Amino acid sequence: MMEVERTSLDGLLVLKPRIFGDERGHFLETFNERAFAQTTGTEARFVQDNESLSKAGVLRGLHFQAAPYEQGKLVHVVRGAVLDVCVDIRPTSPTFGQHIKIRLDSQTKTMLWIPPGFAHGFVVLEADAVFAYKCTAFYNPQAERTLLWNDPDLAIDWGIAAPLVSAKDAQGMLFRSYQDNAIGDR
C-alpha cells in the first residue's frame, strides 16, 4: 500500500510507497493497478513507459499533449533528485494557471500522479538523475506542446538561475497565449 497526499491542485496526488529495506538493500512496488485504484480513487490504464537521464542543472518542460491526446503520468526518480513542477492547464479548473513544486528523489521514492490537463517539467538537482514515468496515452508528436519554463505570468521559482534547456523548451509558448486559445475553444 502507499500513502496518498492530496495537493492544492485537484487530482494531482503525491504518493509515498512502502519501502522494505534491510542490509541487502530495498524493495518497493512502484505500481500495482488494484492498489493504485483503491488508494487514489483513480483507474488509470498505462500504455507507455518512459525514462530520461539528465545532468545536474538540466530543465525539461513544461510539456503537455494537446486535446484529445492528453496524458496522465505517474512519475518518480530512479536515481538522483529533481524539483518537479506541474501547472494546471484545465481551463474550467478553479486552479487554472496555478502550479505546485515537489522534490522527488531516489531516497524517499516519492511518486507523483499527474492527471491529464497539466503541463509538467522538472529541473535536476543532483548529478545524473534518472526520471521514469508511466503514461495513460501514447505520445503524439503533432499534439506535443511546451509552455515557456520561465514565463513571467507563471512565476515559477525553479531554484536555479541558468538551467540548461533544449532549443524547443527555450521557445515554449507563453501561458497567456495558451490561456487565450484554451478559453476561446470553450
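User: I'm looking at strands S8 and S9. Which residue in S9 is the bridge partner of Cys-86?

Analyst: Start with a pair of neighbouring strands and ask who sits across from whom. This is a predicted model, and in it Cys-86 has Ile-100 of S9 as its bridge partner. That is one contact in a longer ladder: strand S8 (residues 81–88) and S9 run antiparallel to each other and pair over 7 bridges.

User: How do I get from one pair to the whole sheet? What is the order of the strands?

Analyst: Walk sideways from strand to strand and write down the order. Here you get S9-S8-S11-S6-S13, an open sheet of 5 strands with antiparallel pairing. The walk begins and ends at the edge strands, S9 (99–105) and S13 (144–146), each of which pairs on one side only. As you go from one strand to the next, the twist averages 25°.

User: Now the pockets. Which residues are closest to the centre of the largest pocket?

Analyst: For a pocket, look at its volume, then its middle, then who supplies the walls. The largest one has a volume of about 380 Å³. Its lining has 25 residues, and the closest to the centre are His-63, Lys-73, Tyr-133, Glu-144 and Lys-168. Strand S6 (59–65) gives the most to that lining, 6 residues. Other elements that supply at least two residues include strand S12 (129–135) and helix H2 (167–170). Sort the lining by class and you find 10 nonpolar, 10 polar and 5 charged residues.

User: And what lines the second largest pocket?

Analyst: Same recipe. This pocket holds about 300 Å³ of space. There are 16 lining residues, with Ala-66, Ala-67, Glu-70, Ile-89 and Tyr-178 nearest the centre. S6 and helix H3 (175–184) are the elements that give two or more residues, and H3 has the largest share, 3 residues. By class, the lining has 9 nonpolar, 3 polar and 4 charged residues.

User: How many cavities of 30 Å³ or more does the structure hold?

Analyst: With a cavity, the probe fits inside but cannot get out. The structure has 1 cavity of 30 Å³ or more, and about 70 Å³ of space lies in the largest cavity. Among its lining residues are His-63, Phe-64, Glu-70, Lys-73 and His-120. S6 turns up here too: S6 gives the most to this lining, with 3 residues. The class count is 4 nonpolar, 5 polar and 2 charged.

User: Last topic, salt bridges. Are Arg-90 and Asp-88 buried or exposed?

Analyst: For each salt bridge, check the distance and then the surroundings. The structure holds 8 of them. Arg-90 and Asp-88 form one, with their closest N and O atoms 2.9 Å apart, and both residues are buried. Now try Asp-22 and Arg-24, whose closest N and O atoms are 2.6 Å apart. Asp-22 has 36% relative accessibility, so it counts as partly exposed. Arg-24 counts as exposed because its value is 74%, and the cut-off for exposed is over 50%.

User: Where in the chain do Lys-168 and Glu-144 sit?

Analyst: Lys-168 and Glu-144 form a salt bridge, the closest N and O atoms being 2.6 Å apart. This pair links distant parts of the chain, with Lys-168 in helix H2 and Glu-144 in strand S13, 24 residues apart. Lys-168 is partly exposed at 38% relative accessibility, and Glu-144 is partly exposed at 26%. Salt bridges can also share partners: Arg-103, Asp-105 and Glu-126 are joined that way into one network.

Technical notes: Residues are numbered from 1 along each chain as its sequence is written. This is a predicted model: local features need pLDDT of at least 70, side-chain atom pairs count only at pLDDT 80 or more; totals for chains, interfaces and linings use all residues. Side-chain values use heavy atoms; hydrogens and water are left out. Two strands pair if DSSP finds at least two bridges between them. Helices (H or I, at least four residues) and strands (E, at least two) are DSSP runs, numbered from the N terminus. Axes are lines fitted to C-alpha atoms, for helices over the stretch in contact, and angles run from 0 to 180 degrees between N-to-C directions. On a 1 Å grid over the protein atoms alone, a cavity is a set of points where a 1.4 Å probe fits but cannot get out, and a pocket is an open set with protein on both sides within 12 Å along at least five of seven lines; lining residues have an atom within 4 Å of a point. Grid points are joined across faces, edges and corners, and a volume is the space filled by probe spheres set on the points. Ala, Val, Leu, Ile, Met, Phe, Trp, Tyr, Cys and Pro count as nonpolar, Asp, Glu, Lys and Arg as charged, and the others, Gly among them, as polar. A salt bridge is a side-chain nitrogen of Lys or Arg within 4 Å of a carboxyl oxygen of Asp or Glu. Buried means under 20% relative accessible area, exposed over 50%, partly exposed in between (1.4 Å probe, protein chains only).
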